[in-house]
Protein chains: 2
Amino acid sequence: MMSEEHSLFIETWGSMGVLWGINRSMARIHAFVMLNEDPVDLDTVAGELDISRGNASMSLKELRNWGVIHRVHISGDRRDFYVAEPDTWRMLFKIAIVRKEREFNPAMQALRDLLTNAGLEKGSGVYTRMNDLEKSFSKFDRIMKKALGNERRSRMMLDLLTGFRD
Amino acid sequence: MMSEEHSLFIETWGSMGVLWGINRSMARIHAFVMLNEDPVDLDTVAGELDISRGNASMSLKELRNWGVIHRVHISGDRRDFYVAEPDTWRMLFKIAIVRKEREFNPAMQALRDLLTNAGLEKGSGVYTRMNDLEKSFSKFDRIMKKALGNERRSRMMLDLLTGFRD
DNA sequence: ATCATGTTTCAATCCTTTCTGAACGTACTA
DNA sequence: TAGTACGTTCAGAAAGGATTGAAACATGAT
């Protein structure tokens with residue numbers, strides 16, 4: 001049985017995941033793996049969190065693609081086991097990178113097109129508003145690029161050091 | 001008819017809205033209002049964006065609740081008209097504030113409960129991971145609080161200066 | 001080769017969110 | 001008073017996502 005705090009954390013993490021675009025099952029599983037010192041297997045995940053094996057399998061796969069959990073093997077056991085990525089920043093960065101490229105960059109591009117090609121009047125309220133917005137976006141972009149640059153470097157280091165391999 | 005750039009911006013903004021939890025219609029309407037120098041009315045919104053009057057009415061109401069658009073009246077006209085909030089930062093802040101309080105704060109609380117009450121072993125990998133995560137969250141929290149503090153002040157200023165009222 | 005064990009896939013189902021459109025309310029006009 | 005213009009609401013329809021469960025697949029042991 002799981003402690004009060006553990007379930008609370010799992011459910012909260014689940015809600016939070018929904019917020020940033022990871023579905024509830026995936027986020028709950030992620031929390032569960034994070035909370036386990038020892039590697040966990042598919043059946044344990046499905047059983048403890050009360051979700052289907054199919055769903056658990058797909059979610060674990062996706063979490064691996066995000067690089068936030070890793071598959072490990074235990075000798076003498078045929079099952080796959082999973083452990084959480086020890087670098088907790090990694091998950092947040094991963095999500096930020098994908099999000100930025102998929103959602104933010106196109107919006108910034110559309111905004112710039114608008115400013116250069118839509119023939120807005122320079123003095124108008126719309127122009128001022130859009131120009132302000134573009135400035136905000138650019139600033140955010142610069143901050144992100146800097147952060148992601150650091151992450152890319154540190155991720156390479158981490159891969160070299162930990163040697164986690166599926 | 002709308003220019004290429006305008007529609008592109010509207011649709012992109014629509015997708016982006018989905019990302020941060022505003023639904024597509026609302027975000028599209030918001031973009032449309034932002035792009036119009038002159039106040040727009042409900043029927044124009046519904047007609048141009050090809051959504052039902054019911055949806056447009058509800059979305060405009062919600063956007064007003066967020067404070068990102070305002071209702072204005074034009075003398076001699078019975079219709080309600082809408083204009084965009086001129087402070088473009090406001091929308092981003094509004095969303096950030098609500099999001100933070102609704103989603104982030106509970107997660108941080110659950111994390112802290114976990115660290116203090118779940119009896120995790122100090123030396124364990126789980127403890128280290130969770131402690132790191134808590135540090136990251138706290139840092140983010142401090143940054144947000146600072147930013148939101150500034151926003152609160154600037155918002156009061158803005159209200160005094162602009163005098164927009166529904 | 002067959003069984004036992006474990007994993008993956010995907011069509012069907014379920015659930016949640018969003019959207020529509022008709023009905024209603026209100027206020028103005030003739 | 002009836003008619004018109006406009007805004008709002010909400011039950012149900014539609015769309016979109018998440019989840020299940022069973023079948024297919026893979027691998028190792030006997």
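Of the atoms of DNA strand C within 4 Å of the protein, 69% are sugar or phosphate atoms, and the rest belong to bases. That is my starting point for today. What we have here is a predicted model, in which local features need pLDDT of at least 70, side-chain atom pairs count only at pLDDT 80 or more, and totals for chains, interfaces and linings use all residues. Residues are numbered from 1 along each chain as its sequence is written, chains are lettered from A and ligands numbered from 1 in the order in which they are written, and side-chain values use heavy atoms, with hydrogens and water left out.

Back to strand C. There are 17 residues around DNA strand C, and the closest are A:R53, A:K61, A:D80, B:S25 and B:S52; a residue is near a strand if one of its heavy atoms lies within 4 Å of it. Which atoms approach the phosphates of DNA strand C? From chain A, a polar side-chain atom of A:K61 is 2.9 Å from a phosphate oxygen, and a backbone N or O atom of A:D80 is 3.0 Å from one. From chain B, a polar side-chain atom of B:N55 is 3.5 Å from a phosphate oxygen of this strand. Two elements give two or more residues each to this surface: α4 of chain A and α4 of chain B. Helices here are DSSP runs of H or I with at least four residues, strands are runs of E with at least two, and both are numbered from the N terminus. α4(A) gives the most, with 5 residues.

Now the other strand. DNA strand D is surrounded by 18 residues, the closest being A:S25, A:S52, B:R53, B:K61 and B:D80. Of the atoms of strand D within 4 Å of the protein, 72% belong to sugar or phosphate. A polar backbone atom of A:S52 is 2.8 Å from a phosphate oxygen of strand D. For B:D80, a backbone N or O atom is 2.9 Å from a phosphate oxygen, and for B:S57 a polar side-chain atom is 3.2 Å from one. On this surface, α4(B) gives the most, with 5 residues.

Next, the protein interior. How many residues does the largest nonpolar core have? The number is 43, and the members with the most contacts inside this core are A:M130, A:F137, B:F9, B:W13 and B:I29. A nonpolar core is a set of buried Ala, Val, Leu, Ile, Met, Phe, Trp, Tyr and Cys residues joined through side-chain atoms within 4.5 Å. Both chains take part: α5 (88-117) and α6 (125-162) of chain A, and α1 (4-19), α2 (24-34), α3 (42-49), α4 and β3 (80-84) of chain B, each supply at least two residues. A:F137 touches, leaving aside residues up to four places away in sequence, A:F104, A:A107, A:M108, A:L111, B:W13 and B:M16; contact means heavy atoms within 4.5 Å. Apart from this core lies another, of 41 residues, including A:F9, A:M16, A:I69 and B:L115.

One last residue, A:E134, lies in helix α6 of chain A. Is A:E134 buried or exposed? A:E134 counts as buried because its relative accessibility is 14%, where buried means under 20% relative accessible area, exposed over 50%, and partly exposed in between, with a 1.4 Å probe and protein chains only. Its side chain makes a polar contact with the side chain of A:R112, at 2.6 Å. A polar contact is a pair of N or O atoms within 3.5 Å; within protein, one must be able to donate a hydrogen and the other to accept it, and residues adjacent in sequence count only if both atoms are side-chain atoms.
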